[in-house]
Amino acid sequence: MTTCSRCQKARAVSYTTFEAYCEACSMDVALALLSACRLSDKAIAALVTAGWDIPITTVQHYTATDIALELGVSAQKVGKTANAHGIKCEKYGEW
């Protein structure tokens, strides 16, 4: 009987070249991989609603204040410029 490489407790049910996982650890690893693949907000919400606790990995986001400090202008100017060019949307960040 092979034990899980991760928790070292339960019987392994899935195998990779170098690892063996129990059912619980298999699901944790699979969900972590899915999270790294940038699931949509709706997919993440569905998994969390179903009872899975997965880490949510996102790319670095910058506030208008961060950008304003870098450019030496006001945050309001950054916001107005972003609105004028239509870049305040889900494609470019999170709200």
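The following conversation goes through the predicted model of this protein, from its overall fold to single residues.

User: To start with the overall picture, what does the secondary structure come to?

Analyst: The model is a predicted one. Its secondary structure comes to four helices and two strands. Along the sequence, these elements follow the pattern β-β-α-α-α-α.

User: And how much of the protein is buried?

Analyst: Of the 95 residues, 18% count as buried. The protein exposes about 7600 Å², and carbon and sulfur atoms supply 57% of that area.

User: What share of the contacts joins residues at least 24 apart?

Analyst: That share is 6%, taken among contacts between residues at least 6 apart in sequence.

User: Turning to charged pairs, how many salt bridges are there?

Analyst: The count comes to one salt bridge. The side chains of Arg6 and Asp28 form this pair, with a distance of 3.3 Å from N to O.

User: Which parts of the chain does that pair tie together?

Analyst: Arg6 lies in the segment before strand S1 (14-15), and Asp28 lies in helix H1 (residues 23-36), so the salt bridge ties together parts that are 22 residues apart in sequence.

User: Are the two partners buried or exposed?

Analyst: Neither term applies, since both fall in the intermediate class. Arg6 is partly exposed, with a relative accessible area of 47%. Asp28 is likewise partly exposed, at 36%.

User: What is notable about Gln8, in the segment before S1?

Analyst: Gln8, which lies in the segment before S1, has a phi near 60 degrees, a positive value in a residue other than glycine. Gln8 is exposed, with a relative accessible area of 54%.

User: Cysteines next. How many disulfides are there?

Analyst: The count of disulfides comes to zero. Cys4 is in no disulfide; the nearest cysteine sulfur to it belongs to Cys25, 3.6 Å away. Cys22 is in no disulfide either, and its nearest cysteine sulfur is also that of Cys25, at 3.6 Å.

User: Why does 3.6 Å not count?

Analyst: A pair of cysteine sulfur atoms has to lie within 2.5 Å to be counted as a disulfide, so the 3.6 Å between the sulfurs of Cys4 and Cys25 does not meet the cut-off.

User: Are Cys4 and Cys22 buried or exposed?

Analyst: Cys4 counts as buried, at 0% relative accessibility. Cys22 counts as buried as well, at 6%.

User: Let us go to helix H1. What does Ser26 touch?

Analyst: Ser26, which lies in helix H1, touches Val13, Ser14 and Tyr21, when residues up to four places away in sequence are not counted. Ser26 is buried, with a relative accessible area of 17%.

User: And where is Leu31?

Analyst: Leu31 is also placed in helix H1, and it counts as buried at 6% relative accessibility. Between Leu31 and Ile44 the separation is 13 residues in sequence and 9.7 Å in space, taken from C-alpha to C-alpha.

User: Moving to the other end of the chain, which residues of helix H4 are buried?

Analyst: In helix H4 (residues 75-84), the buried residues are Val78, Gly79 and Ala82. Seen down the axis of H4, these fall within an arc of 100 degrees, so they line one face of the helix.

User: What do they pack against?

Analyst: The buried residues of H4 pack against H3.

User: Which exposed residues are on the face turned away?

Analyst: The face of H4 turned away from its buried side carries Gln76, Lys80 and Ala84, which are exposed.

User: What comes just after H4?

Analyst: Gly86 is found just after H4, and it takes a positive phi of about 65 degrees.

User: Finally, the surface. Which residues form a nonpolar patch there?

Analyst: The patch is formed by Tyr62, Ile67, Leu71 and Val73, which together have about 390 Å² of accessible area. One of these residues, Leu71, is placed in helix H3 (residues 64-71).

User: Is Leu71 buried or exposed?

Analyst: Leu71 counts as exposed, at 58% relative accessibility. Helix H3 therefore contributes Leu71 to the nonpolar surface patch, while the buried residues of H4 pack against that helix.

Definitions and conventions: Residues are numbered from 1 along each chain as its sequence is written. This is a predicted model: local features need pLDDT of at least 70, side-chain atom pairs count only at pLDDT 80 or more; totals for chains, interfaces and linings use all residues. Side-chain values use heavy atoms; hydrogens and water are left out. A salt bridge is a side-chain nitrogen of Lys or Arg within 4 Å of a carboxyl oxygen of Asp or Glu. Buried means under 20% relative accessible area, exposed over 50%, partly exposed in between (1.4 Å probe, protein chains only). Patches are made of residues with over 30% relative accessible area and no salt bridge: like charges are joined within 9 Å, nonpolar side chains (Val, Leu, Ile, Met, Phe, Trp, Tyr) within 5 Å. Accessible areas come from the Shrake-Rupley method with a 1.4 Å probe; for residues, only the protein chains shown count as cover. Contact means heavy atoms within 4.5 Å. The arc is that of the directions from the helix axis to the C-beta atoms.
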